[in-house]
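Work through the exercises below with the structure open. Each task is followed by a solution in steps.

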Amino acid sequence: MDAGVPQRGSRLRPVAAGWLVLVAAALAVHAAVHGTPTADRVYLAVMWAAAAGAWWGAFRQGLRAPAVLVALGVTLTAVGDVFWFLQTWAGQAPDVSIADAIYIGGYVALGLGLWRMADTRGRTRGQQLDGWLDGAGVFVAVLILVWQLSVAGTVTDTTLPVLTRSVWALYPALDAAVIGLVFRLVATRTRGERAPLAVAVGAGCWLASDLGFLLLADPDPVSVWFDTGWLAGAVLLAVAAGSGGSATRSDAGEAVPGLARLAVSLGALLVPAGLEVLRGVTGAAGAPLTVFGGTLVLAGLVFLRTARVLRAEAAARALVGTQQRHSAALARHSSDAIAVLDEDGRLLSDPAWLAALLGGTAPRNSRELVDLCGIDREQAQAVLARCHQAGGTVVEAELTAVRDDELRWIGVRLVDLRTDPDVGGTVAHLTDITDRKRAEQALAHQATHDTLTGLANRALFADRVDQALRRRARGGPSGAVVFIDLDGFKAVNDSLGHQAGDALLITVADRLRSAVRAGDTVARLGGDEFAVLVEQADDGTDEVGATAARVLDVLGRPMHLAGQRVAISGSVGIAVAHDGATAESLVRDADIAMYAAKVAGRGRSVVFDPAMRAAALERRRLEQELTGALAADQFRLVYQPVVDLADERVVGFEALLRWESPTLGAVAPNDFVPVAEELGLIGDIGAWVLREACRTAAAWRREHAGAADTTMAVNVSAVQLASADLLDHVRAALAASGLPAEALVLEVTETALVDDPERAAESLVALRELGVRMALDDFGTGYSSLGYLRQFTVDVLKVDRSFVATIADDGEVPAIVRGLIDLGRALDLEVVAEGVETAAQRDLLAAGRCDRAQGYLFARPLEATDAELLLLGQRPGTPATGRARS
């Protein structure tokens, strides 16, 4: 904003004050030299200095119209003075001259400036009308006054020419108009504005000098006062022009109050009566018609102004009533309320404000207010005492309340205004903050609890474990952590969808709650990992072991999800508190023990032993290396031949996965396959195995006539069998390689089938519909249930190496082996014996009508080139070492 533009409420600036001092000094000099030739020059110098000051102020305001017009009025007056003095110095001083025309032009410019100074922007039409009525009343009163004192005598003086009488009479009339405009400006000025006051005093000086000049028959003896009045008026008008008189009024509510305006308007009625009194005292001639007409006009203006005041009062009363009704309506429908209490606890404010907060009941004093809110009296009294001690500072508090047997919260803000004459009491602002407090509690619960299951989350569980360890350090009960990881959760999530997975987690959470004591903490740490904090009498494992047993029992019970029967289990690790343990270390130890349980065969619990840390570190390292192994092309397949026992001809191969890690070296499948299953990598690895095995088998069948009927067997884990992607992976591998479906044999274990029988049966049916053959691997080592053979349609029955190893060289086939072979033939299945290492085992199996066999007797697992040589009837070069996982 331009610093040179005065703002609303600006006062006379220091520069303007300096001008006043200089001009006052000049006026004093003029008075001192009055009557001398120098006086005229001083007079003109002061006038032109006033004009220059007015223009300087107008330029500072950016040549705004009001300031320019006032400056123009002062300048025209100075020009008129120049003409008048020139005529006087020339000895030609007529009664009316060109100087008078210029003076009148100055009045017109000044009047327009005053009009613009009384800026009405931001004011209503009613406020503008009130300003005009006030100005018109003052104008009429002053006009009556100057008419009686001067104008009437001048107009009726026949000794003067008509033009002279008209011009001389015009000056007081113009002064009256200026006074009216000045009063309008003063009446509508904003608080702190000095410019309108300067204009008012300046115009008054001009009016007094004009009237004096006309009233006195010989004005020369006191002409110094008239000259000083004209000069002072010009100076004040110049100062007003440069002091921000045209500031924009943006807030009509800050205008000067109207009591003084009303007093002036009513006082104008005294002018006619006062003139009559003066005429009676002095015996001067009067003009009854003029006085009567002026009185009528004044009476009409005052009536309109009074009517406006009455209407404004009625509107104000109506507004107050509307505001009161508005406030009452808000109070009835608001959860906020205000109460003002005196020293004795009496209610000073309208009790209606409290009705909505208190269910429609309005209290009469502080005791009833506290009781109706349901706030404890001692609690309320303490807050009130704290407010009185605060010395006028706002005191805030949140108080609990019980109303209608429901816990609620009331927020209060109190301030002691007993010494304030407008209040005279303690102000209490009350708000029902129950919804906010409940929302805060919900947010706090969400921050410490699992959103899906409602169990404690990892942060809250760690805090509870930390508290238990501190209690143990003080001689309290000991603590133990039971870490639980679900076995088979990923398969459920992948096969049945995430909604079923969420439902499973919720069911598990409910079962865990039922398996622990009331004081134990159950938490979901993330994914399918859960934990239980068990507080027990000592550092033993009796109580925590019993808890782990109950957990395994409830997790082992089948559940129904998405219309299917689902069976899962849990691997449980136990860590008991010891000296130096922390919440982090205790949970970590339980986690390590859980991994040991999973490696040991799942569905069991293991107590942490410090030696497990090294194994856990190795496992973590294995996980890190395994994660990027497939992308780094670190896997390969080796092939163990399957021979027909009738002629020892190679009729097929079993593809076996091998991993050669750059840092870990050769890692056995039994070590890395379970980890791949847990990390969710087995799907991609299994898809690669299928593609590579099918590609190799298809190439052998195309390139070698003797291998036209060769089959390729691929092991499928339980996780793969439960995955919805297995069927797509098999279909894609067959399509990409061109291998006939009947040449592919997928081997599954009994365990893979019984983990989720219904899902396994669906997968087997879908795979067989592709034409793929199915083999039941390791038969007899697991459940050995004939019911599963009836439920799951397979093509090949593989006798586990552990049974084959029982065949001795004494010519006897153990009954268990003989029974398995007979069972396979009875079910019309192809029987394959694994792990054949001696000629005696081969001969006895052949004699026992076993169809096919594989083992070190025939060949170890071979690299692809060596396996191809074996197909051609040649002796392989360097056989692959290491026992096969079959």
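Two strands count as paired if DSSP finds at least two bridges between them. The model used here is predicted.

**Exercise 1. Find the partners of strand S10 (residues 569–576) and state how each one runs relative to S10.**

Step 1. Start with strand S5 (residues 478–487): 8 bridges join S5 to S10, and the two run antiparallel. Within this pair, Val 482 stands opposite Ile 574 of S10.

Step 2. Go on to strand S11 (residues 605–607), which is joined to S10 by 3 bridges and runs parallel to S10. Here Gly 573 is placed opposite Val 606 of S11.

Step 3. Follow the chain from S10 through helix H20 (residues 583–599) to S11: these three elements make a β-α-β unit, and the unit is left-handed.

Step 4. Check how covered S10 is: 7 of its 8 residues are buried.

**Exercise 2. Sort the residues of strand S2 (residues 395–403) into a covered and an uncovered face, then describe the hairpin that S2 forms with S3.**

Step 1. Recall the general pattern: side chains in a regular strand alternate between the two faces of the sheet.

Step 2. Apply the pattern to S2. The covered face holds Val 395, Ala 397, Leu 399, Ala 401 and Arg 403, while Glu 396, Glu 398, Thr 400 and Val 402 make up the uncovered face.

Step 3. Identify the pairing: S2 and strand S3 (residues 406–417) run antiparallel and are joined by 9 bridges. Val 395 has Leu 414 of S3 as its bridge partner.

Step 4. Look at the turn. The hairpin has 2 residues between S2 and S3, and Asp 404 in the turn has a positive phi of about 60°.

**Exercise 3. Determine how the buried residues of helix H30 (residues 815–826) are arranged around its axis.**

Step 1. Check the length: H30 has 12 residues and reaches 16 Å from its first C-alpha to its last, close to the 16 Å expected at 1.5 Å a residue.

Step 2. List the buried residues of H30: Val 817, Leu 820, Ile 821 and Gly 824. Viewed down the axis of H30, these buried residues fall within an arc of 95°, so they line one face of the helix.

Step 3. Relate this to helix geometry: an α-helix has 3.6 residues a turn, so residues three or four places apart point the same way.

Step 4. Inspect the other side of H30, where Ala 815 and Ala 826 are exposed.

Step 5. Name what the buried residues pack against; strand S17 (773–779), strand S19 (830–833) and helix H31 (839–847) are among the elements concerned.

Step 6. Move just past the helix: Asp 828 takes a positive phi of about 60°.

**Exercise 4. Place Asp 633 and Glu 648 in their loops and decide whether each is buried, partly exposed or exposed.**

Step 1. Note the usual case: most residues other than glycine have a negative phi.

Step 2. Take Asp 633, whose phi is positive, near 60°. Asp 633 lies in the loop between H21 and S12. Its relative accessibility is 61%, so Asp 633 counts as exposed, the cut-off being over 50%.

Step 3. Take Glu 648, which has a positive phi of about 55° although it is not a glycine. Glu 648 lies in the loop between S12 and S13. At 39% relative accessibility, Glu 648 counts as partly exposed.

Note on methods:
Residues are numbered from 1 along each chain as its sequence is written. This is a predicted model: local features need pLDDT of at least 70, side-chain atom pairs count only at pLDDT 80 or more; totals for chains, interfaces and linings use all residues. Side-chain values use heavy atoms; hydrogens and water are left out. Buried means under 20% relative accessible area, exposed over 50%, partly exposed in between (1.4 Å probe, protein chains only). Helices (H or I, at least four residues) and strands (E, at least two) are DSSP runs, numbered from the N terminus. A crossover is right-handed if, with the strands pointing away from the viewer, the path from the first strand over the helix to the second runs clockwise. The expected span of a helix is 1.5 Å times one less than its number of residues. The arc is that of the directions from the helix axis to the C-beta atoms. Contact means heavy atoms within 4.5 Å.
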